[in-house]
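Q: I'd like a close look at the strand pairing here and at the residues around it. Please take me through it in one go, and tell me how confident the predictor is along the way.

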Amino acid sequence: MLRKGLSGAQRADGCRLQARRHRRGLLADTVKASATTLDASVNDAVKGRCVVVTGASRGLGVSIARAFACAGAASVCLVARSEETLQTTCAELRAEHPCISFFPLIADVTSSEDRTHLVAAVKASAAAAPLVLINNAGVEAWGPFEHATE
């Protein structure tokens with residue numbers, strides 16, 4: 001569908017964005033379908049333990065948190081930058097899994113200060129020490145690796 005008044009580059013950017021959203025939707029559907037099928041050895045390892053998932057306010061992060069809840073984790077710390085979305089996600093997961101503790105933690109994992117506070121917040125929130133950390137936050141950095149600052 002061509003939109004009048006947009007340049008070729010703007011239309012191409014719009015098409016790329018639409019395709020990306022479509023792929024994300026397909027990925028989320030695939031993960032939701034298999035969210036409860038963690039390997040039996042993983043189920044045994046996380047039963048009664050704490051799991052931390054970054055980028056957990058939507059999409060793949062929510063599906064990962066759901067899978068660990070189904071596997072029997074005692075608590076799941078969901079980490080994201082968007083407080084409103086994270087609170088909504090935690091409420092939905094609590095409704096699905098009332099016996100699991102879900103802790104919303106607001107942090108930007110690209111910030112060293114936030115990461116330091118995150119460690120303290122996880123220790124304070126969860127009853128057990130974290131067993132698993134899933135770094136799911138989507139952070140992009142373009143350029144040569146040797147020029148990276150953090």
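A: Happy to: what follows starts with the whole chain, then goes through the strands pair by pair and ends with some individual residues.

This is a predicted model, so local features are described only where pLDDT is at least 70 and side-chain atom pairs only at pLDDT 80 or more, while totals for chains, interfaces and linings use all residues. Residues are numbered from 1 along each chain as its sequence is written, and side-chain values use heavy atoms, with hydrogens and water left out.

The mean pLDDT (the predictor's confidence in each residue, from 0 to 100) of the protein chain is 77, and 65% of the residues reach 70 or more. Confidence varies along the chain: helix α1, residues 8–33, has the lowest mean among the elements, at 52, and α4 has the highest, at 94. In all, the protein chain has 5 helices and 4 strands, taken as DSSP runs numbered from the N terminus (helices H or I with at least four residues, strands E with at least two). Their order along the sequence is α-α-β-α-β-α-β-α-β. Of the 150 residues, 27% count as buried; that term means under 20% relative accessible area, with exposed over 50% and partly exposed in between (1.4 Å probe, protein chains only). Contacts (heavy atoms within 4.5 Å) often link distant parts of the sequence: among those with a separation of 6 or more, 73% are between residues 24 or more positions apart.

Now to the strands, starting with β1. For pairing, DSSP has to find at least two bridges between two strands. β1 runs parallel to β2, with 5 bridges joining the two, and β1 also pairs with β4 in the parallel sense, over 4 bridges. Cysteine 50 shows both partners well: this residue stands opposite serine 75 in β2 and opposite proline 130 in β4. β1 is mostly covered, with 5 of its 5 residues buried. The cover is on both faces: Cys50, Val52 and Thr54 are buried on one side, and Val51 and Val53 on the other.

From β2 the pairing carries on to β3. Strand β2 (residues 75–80) is joined by 6 bridges to strand β3 (residues 101–106), and the two run parallel. Serine 75, the residue opposite cysteine 50, stands opposite serine 101 in β3. Between β2 and β3 the chain passes through helix α4 (residues 83–96), and this β-α-β crossover is right-handed. Right-handed here means that, with the strands pointing away from the viewer, the path from the first strand over the helix to the second runs clockwise. β1, α3 and β2 also make a right-handed β-α-β unit.

On the β4 side, leucine 133 is a good residue to select in your viewer. Leucine 133 lies in β4, which spans residues 130–134, and is in contact with Val52 and Thr54, leaving aside neighbours within four places in sequence. The C-alpha atoms of leucine 133 and valine 53 are 6.0 Å apart, although 80 residues separate them along the chain.

Several loops are worth a look too. Serine 57 sits in the loop between β1 (50–54) and α3 (59–70) and counts as buried because its relative accessibility is 11%. Beyond its neighbours within four places in sequence, serine 57 touches Val62, Ala80, Thr85, Leu86 and Thr89. Isoleucine 100, in the loop between α4 and β3, is also buried, at 14% relative accessibility. With the same neighbours within four places set aside, the contacts of isoleucine 100 are Ala69, Ala73, Ala74, Ser75 and Val76. Its C-alpha atom is 7.9 Å from that of glycine 72, 28 residues away along the chain. Valine 109, in the loop between β3 and α5 (112–125), is partly exposed because its relative accessible area is 23%. The C-alpha atoms of valine 109 and threonine 54 are separated by 7.9 Å, with their positions 55 residues apart along the chain.

Finally, the cysteines. A search of the whole structure finds 0 disulfides, a disulfide being a pair of cysteine sulfur atoms within 2.5 Å. For cysteine 90, the nearest cysteine sulfur is that of cysteine 77, 9.1 Å away. Cysteine 90 is buried, at 0% relative accessibility, whereas cysteine 99 is exposed, with a relative accessible area of 75%.
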